Amino acid sequence: MHYAILCYHSEEVVTAWTKEQNEEVMGRLEKVRQRIAKEGKLGPVARLLPTTAATTLRKDRDAPLILDGPFAETKEQFLGFYIVDVADLDEALGIARELGEANPGGAFEVRPLAVYYPAGV
Amino acid sequence: MADLAWIDAALLAARPQAISALLRYFRDLDIAEEAYQEACLRALKTWPQNGPPRDPTAWLIFVGRNVALDQVRRQKKQEPLPQDDRISDLGDAESDVAERLDGAHYRDDILRLLFICCHPELPATQQVALALRIVSGLSAKQIARAFLVGESAMEQRITRAKARIAAAEVPFEAPGPVERGERLAAVAAMLYLVFNEGYSASGAEADRRRPFSEEAIRLARLLLRLFPTEPEIMGLAALMLLQHARAATRLDDSGAIVLLDDQDRALWDRHLIAEGLALIDKAMRHQSPGPYQLQAAIAAVHVRAVRPEETDWAQIDLLYATLEHVQPSPVVSLNRAVAVGKLRGPAAALSFIEPLEASLAGYFHFFGLKGGLLLQLGRGREARIAFDRAIALANSASEAAHIRLHIDRLMRESETSSAG
């Protein structure tokens with residue numbers, strides 16, 4: 001079963017990290033990432049640029065409306081994701097818990113995938 | 001990261017919003033700052049035990065407001081009141097404050113706080129000091145060290161700035177669209193000033209002031225979240241990101257300036273570049289070019305060139321021509337002359353800058369460029385005169401050192417030619 005682990009955190013807090021704090025967090029996450037990858041359970045991983053770099057295309061009208069900024073104005077922002085290939089929800093939550101220890105604060109939404117095209121296929 | 005480091009990051013992130021909300025309640029910068037300070041102390045005491053609150057900013061505003069209210073009441077009654085029990089139950093009140101935070105208020109709150117720091121009555125040095133002190137929360141000591149002045153002198157500078165602001169009475173009503181636009185432009189200029197205090201530093205100062213650039217970027221991102229559709233704010237953020245991406249390569253180990261052509265492009269920060277390019281792309285869609293967007297677009301052309309030879313100088317020339325039109329200034333024209341020189345040769349660039357000499361007679365970079373162009377044309381003696389003028393006008397030891405390199409080369413060349 002494929003799950004997406006969607007990463008949410010307060011962008012204001014994350015962008016207030018010093019370079020050192022950022023590198024420390026990324027280093028810890030990288031260790032977890034490498035381990036899961038070695039077990040053959042990892043799909044694509046992405047860290048997104050800040051929501052200030054986002055553009056939104058509203059397609060609920062004709063012609064679609066292009067807006068600056070992210071779709072959702074929330075306290076915690078969607079900042080990145082992992083795709084994991086695991087046996088069940090428990091295993092996906094286990095990975096999420098481990099990633100959470102490496103990067104406390106914010107939230108992970110663990111959501112099963114309905115359709116999945118790996119890159120380049 | 002230890003628990004306390006997390007709390008520090010949360011407090012830093014909450015600071016602009018919390019202080020500006022407290023400023024709206026109390027209409028006094030000192031009271032707002034002290035209230036926030038006290039709320040932070042309490043956060044450091046209670047958050048490690050109870051975990052961080054659901055909405056740290058709302059918590060800080062609520063606690064800060066209660067602390068300050070208590071103090072105001074105490075001063076009135078001249079008798080002590082119980083402290084902690086008044087803020088023990090935060091449940092309902094916290095969501096109440098959070099609700100109001102989501103309202104239209106807080107955008108103008110933060111803009112007002114930033115605008116206060118760049119009030120037209122304040123000279124540039126005071127604007128920068130005040131913004132770093134109040135919005136970013138740097139201590140007077142930290143700021144003083146970066147500016148190489150004594151701590152008490154810096155404290156005086158900040159106190160004087162605050163007094164001027166209080167006297168100027170910035171209105172607390174929500175500004176109209178025109179006034180909001182004016183405030184935004186003033187704030188953008190102030191943030192770029194803060195950025196440049198970090199970016200333009202060289203030598204030993206560069207390390208001490210690097211956090212200023214990072215802080216300016218953080219505040220520009222904040223401004224962009226508040227005003228997501230302003231192309232000039234996108235341009236400002238992009239400009240800072242693209243310039244800061246090169247920070248690690250701008251100075252050599254001895255702190256001397258390394259020119260763009262000689263910088264190791266492999267060391268440029270790719271994350272900052274990606275973000276900067278994304279923002280300038282977004283801004284361009286608005287088709288409403290302004291000075292920050294144009295400068296960012298020029299920086300973007302530079303970072304897009306994998307090697308210096310691949311730089312699209314025609315594009316840069318065009319962008320500077322547009323900038324000259326939008327914001328006419330001899331300094332802009334001088335910068336355009338570099339592109340003119342690359343496209344049409346040093347003689348063309350030299351005649352391009354000739355009419356600028358009268359207005360740039362006191363400008364280091366004018367004579368640096370003039371000397372360089374004369375040198376390329378083989379007019380060594382005239383180049384020497386221009387370089388001497390440049391050194392006399394240098395703003396820092398590393399600027400002077402950079403010109404001296406040219407002069408040394410000139411001397412060596414004239415020696416070899418006379419010997420040969």
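In this predicted model, the glycine B:G368 sits in helix α18 of chain B, which runs over residues 364–376. B:G368 counts as buried because 22 other C-beta atoms lie within 10 Å, and the cut-off for that label is 20 or more. Leaving aside its neighbours within four places in sequence, B:G368 is in contact with B:A390 and B:I403. A separation along the chain can also go with a separation in space: B:R285 is 83 residues away from B:G368 along the chain, and the C-alpha atoms of the two are separated by 37 Å.

From α18 we can turn to another helix of chain B, α14, which covers residues 291–304. At 1.5 Å a residue, its 14 residues should span 20 Å, and the C-alpha atoms at its ends are indeed 20 Å apart, so the expected and the computed values agree. Is this helix mostly covered or mostly uncovered? It is mostly covered, since 11 of the 14 residues of α14(B) are buried. Among them are B:P291, B:Y292, B:Q293 and B:L294 towards the start of the list, and B:A300 and B:V303 at its end. The partners of these buried residues are four helices of chain B, namely α9 (177–199), α11 (231–244), α13 (270–284) and α15 (313–326), against which they pack.

The loop between α13 and α14 of chain B holds B:Q287, a residue that has a positive phi of about 50 degrees although it is not a glycine. B:Q287 is exposed, because 7 other C-beta atoms lie within 10 Å, where 12 or fewer is the cut-off. A similar description can be given for B:L148, which is found in the loop between α7 and α8 of chain B and has a positive phi of about 55 degrees, although this residue is not a glycine either. With 9 C-beta neighbours inside 10 Å, B:L148 also counts as exposed.

The two helices on either side of that loop pack against each other. Helix α7 (residues 140–147) and helix α8 (residues 151–168) of chain B meet at an angle of about 110 degrees, with their axes 8 Å apart. An angle of that value makes α7(B) roughly perpendicular to α8(B), and the crossing of the two is right-handed. On the side of α7(B), the contact is made by B:A140, B:K141, B:I143, B:A144 and B:F147, while α8(B) brings B:E151, B:A153, B:M154, B:E155 and B:I158. Sorted by class, this contact has 7 nonpolar residues, 3 charged residues and no polar ones.

Chain B also touches chain A, in a contact that takes 21 residues from chain B and 19 residues from chain A. On the side of chain B, the elements that give two or more residues are α1 (3–26), α10 (205–226) and α13, and the largest share, 6 residues, comes from α1(B). The residues on this side of chain B divide into 14 nonpolar, 6 charged and 1 polar.

What does the secondary structure of chain A come to? Chain A has 3 helices and 6 strands, which follow one another along the sequence in the pattern β-α-α-β-β-β-β-α-β. Its C-alpha atoms fill a box of roughly 45 × 40 × 25 Å, taken along the principal axes. Of the 121 residues in chain A, 20% are buried. Among its contacts between residues at least 6 apart in sequence, 76% join residues at least 24 apart.

One residue of chain A illustrates such a link. A:L6 lies in strand β1 (residues 2–9) of chain A, and the C-alpha atoms of A:L6 and A:F81 are separated by 4.5 Å, although the two residues are 75 residues apart along the chain. Not counting residues up to four places away in sequence, A:L6 touches A:F78, A:F81, A:F108, A:E109 and A:R111. With 16 other C-beta atoms within 10 Å, A:L6 is partly exposed.

Two details of the backbone of chain A complete the tour. Helix α2 (residues 19–38) of chain A has 20 residues that should span 28 Å at 1.5 Å a residue, which agrees with the 28 Å between its end C-alpha atoms; α2(A) is followed by A:G40, whose phi is positive, near 70 degrees. Further along, the peptide bond from A:D62 to A:A63 is cis, with omega near -5 degrees, and A:A63 has its place in the loop between β3 (55–58) and β4 (65–68) of chain A.

Technical notes
Residues numbered from 1 in each chain as written. Chains lettered and ligands numbered in written order. Predicted model: local features only at pLDDT ≥ 70, side-chain atom pairs only at ≥ 80, totals over all residues. Expected span 1.5 Å × (residues − 1). Contact = placed C-beta atoms within 7 Å. Axes fitted to C-alpha atoms, helices over the stretch in contact; angles between N-to-C directions. Parallel < 35°, antiparallel > 145°, perpendicular 65-115°, else oblique. Left-handed = near helix turned anticlockwise from the far one by under 90°. Nonpolar A, V, L, I, M, F, W, Y, C, P; charged D, E, K, R; others polar.
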